[in-house]
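Here is a short tour for anyone who would like to find their way around this fold. Have the view open and follow along, starting with a pair of helices.

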Amino acid sequence: MNKKQVIIVGTGLGGLSTALRLSSEGFKVKMVEKYHQAGGRLNRLSKDGFKFDLGPTFFSMSYEFDELVKSTNIEYPFEFIELDPLFTVNIDGIPKTFTIYKDLDKLSEEFASFEPDFKAKIEKHLQKTGQLFHDTEDKIVHRNFTSLFDYFMQLTRVPLKHSPLLFKTMWKELCDSFESKEARMVFSLVGFFLGATPFDTPAIYSLLNYVELKHDGYHNVKGGMYRIVEGLFKVLRERQVDFYFNTEIVKAITTNDKIDYLVDQNGREWHADYYVINADAASFRGEILKRKKYSEKRLNKKKWTMAPLTIYLGLNGKVDKLQHHNYFLGNNFDQYAKGVFKNKVSFAKPYYYVNVQSKNNPEYAPEGKDSLFILCPSPDLRFKPDYSDRESIAQNIIDDLSERTGYNINDMIESKTVLSPDHWQNMFNLYKGSGLGLAHDLNQIAWFRPANHDEKYKNTFYVGASTVPGTGLPMAVISSKLTTENLLNYDRTVSKK
Ligand SMILES: Cc1cc2nc3c(=O)[nH]c(=O)nc-3n(C[C@H](O)[C@H](O)[C@H](O)COP(=O)(O)OP(=O)(O)OC[C@H]3O[C@@H](n4cnc5c(N)ncnc54)[C@H](O)[C@@H]3O)c2cc1C
C-alpha cells in the first residue's frame, strides 16, 4: 500500500475527483480550501429558506462521471436527470420563444418559419461536428502530451478534412451552415458556455452543438448540483481524507526542483510528498510560485473567459412559464457580443441566462415558491474594475425579465443576492473574476495550456479549469484523470530509483 502523502490545494470538482483517484491508489490525502465549504465554483448558497446552485446548473458528457465512479470502485454518489427540452431562447423583438429539443423533428418545427430546410441543415452541421468530436475526443482531449512534438504527432492523426475549422471562428461556421440570424444566434450560444463569444471562439468548438443535441445532452442532478460535491465529500471522509477549510495557501517554500512545503495565511506549514494544485493553474504559478512566465503583466495579456454577475432570487410564487434553462438575448447580437467582455456596451439592457432551480429540485424553494438563478456574462476586472453598479445592473435585468415574461418579479422577491466578478474573485481566487479560467484559443489549449505537471517542481501537479483539457464540469473530471496518470507515472519513476 502506498502511504505517501498528498496535499491538494482546493476542493473544486477537479480537486475532489483527484482526491478520490489518489485515495484509491493508497495515497494519504489532505485537502486545504480557502472557502468555508467544499465544491469551489460548484457550490451552493442557502438563504431565507431558499437554496441556489451558486455556479454550474447542468453538465454534459455524463459518462465522464461514470468513468470516475467505476475506476474508483464507489457507489454512484448522486443521481442525474437528463434535461429535455434542453433550453429556451427569447430574442428581444421576436414574439416566438425558441424551445431547443433534442428531437430534431420537434426542433425543426421551432425554426420552420425562420430557416428554410432547417432539418437538412442542422443534420449536416451535427454530422460534421460529430465527426470532429469523435475524431478528437481520445486523440486530444483525453491525453497528456509529453512534448510539442508529441502534440503535433497527435494532431496529424486527426483527419485533414477537419482542418478548415481551425482557421475560422464559430460564427463564420454558423453563417456557412444557416441563413437566418435566429438559427445562427441560437446555435452560437455554446460559445458562451465556454465563457467566450462565437466571434472569438474557434469553429472547432461548434462540436458542442453535437454534444448537446445528439450525443449525451444536458443533465441536472436530483436534489441540486451540490449533491455531486456532497456525494464525493462523503466518500472521501469515509476514506479518511482530511479537509481544512478557511485555509488559503499564500506561499511555497522550495529547494531546487521541489516544493518543500506550503504556508497558509496563518503561517501554518503544510508538508507532503506531492502537491496537487486545484487553484487556477496559471495564476498560482504567478502569484504563489512567482514564476516569471506567469508574472502579473503576462497573466494580464492572456485571454480569460467571461466574468459572472450572478443574481439569486427567492420568489413568493411560481414562474411556471419558464423552463429549467432560459436565455434572454437582445436584438443587437453582433454589436453586443463583440463588445460585452471588453466593457464596450451599456448594461442598460444586458443579455442573461435564467435557471429556475426549483423546477427539477422542489426542495430548493418552499411550497408554492421558486428559486431563480440569473447569470449575466460580464467583463472581467481588467476591463471593468468597478462593480459598485452591480445592484443597478441586476435591477435592469429583473425589470427586463418581468417585461418579457409577464411576471412582476419585483413584487415577488423574498430573497435577493447579487454577486459580481469581484466577489467571485475573492471567494475562489478566480483571476480578475474570470468565471471559467483561461480561454480556449488555439494558443491556450492542449500543449499550450499550463501543464498539469509543474515545469520546475517535480513533486507538484495541477488539476482544474486552467490546465488541460479545459473548463466545465466534465473537463474537470477528465483533468483529474490526466493529472493522476502523470502523478502515478512520476511516482513509479522515483520509487524505482
Ligand atoms: C457562474 C458559473 C456558471 C457555470 N456553469 C457551468 C455549467 O452550467 N456547467 C459546467 O459544466 N460548468 C459550468 N461552469 C464552469 C465550472 O464551474 C468550472 O469549470 C469547474 O467547476 C471548475 O472546477 P475546478 O476544480 O477547476 O476549480 P474550482 O471550482 O474553482 O475549485 C478551485 C478551488 O481552489 C480553491 N483555492 C484557490 N486558491 C486557493 C489557495 N491559494 N488556497 C486554498 N484554496 C484555494 C478555491 O477556493 C476553489 O474552491 C460555471 C462557472 C461559473 C463561474
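Axes here are lines fitted to C-alpha atoms, for helices over the stretch in contact, and angles run from 0 to 180 degrees between N-to-C directions. Please keep in mind that this is a predicted model.

With that in hand, look at helix 2 (residues 63-71) and helix 18: their axes come within 9 Å and cross at roughly 35°. The crossing of helix 2 past helix 18 is left-handed. On the helix 2 side you will find E64, F65 and L68, which meet P474, V477 and I478 of helix 18. By class, this contact has 5 nonpolar residues, 1 charged and no polar ones.

Helix 18 also leads us to the ligand. Of the 36 residues around the ligand, G10, G12, G14, G40 and G464 come nearest. Helix 1 (13-24), strand 14 (307-315) and helix 18 (473-496) are the elements giving two or more residues to this shell, and helix 1 has the largest share, with 3 residues. The shell divides into 17 nonpolar, 15 polar and 4 charged residues.

Strand 14 belongs to an open, mixed sheet of 7 strands, ordered 7-6-15-16-17-14-18. Its edges are strand 7 (97-100) and strand 18 (413-419). Within the sheet, strand 16 (residues 352-356) and strand 17 (residues 370-378) run antiparallel and are joined by 4 bridges; Y353 has L375 in strand 17 as its bridge partner.

Two helices pack on these strands:

| Helix | Residues | Angle to strand 14 |
|---|---|---|
| Helix 15 | residues 390-405 | about 60° |
| Helix 17 | residues 421-428 | about 95° |

Helix 17 touches strand 14, strand 17 and strand 18.

Methods:
Residues are numbered from 1 along each chain as its sequence is written. This is a predicted model: local features need pLDDT of at least 70, side-chain atom pairs count only at pLDDT 80 or more; totals for chains, interfaces and linings use all residues. A residue is near a molecule or strand if its C-beta atom, placed from the backbone, lies within 6 Å of it. Ala, Val, Leu, Ile, Met, Phe, Trp, Tyr, Cys and Pro count as nonpolar, Asp, Glu, Lys and Arg as charged, and the others, Gly among them, as polar. A crossing is left-handed if the near helix is turned anticlockwise from the far one by less than a right angle, and right-handed if clockwise. Two residues are in contact if their C-beta atoms, placed from the backbone, lie within 7 Å. Two strands pair if DSSP finds at least two bridges between them.
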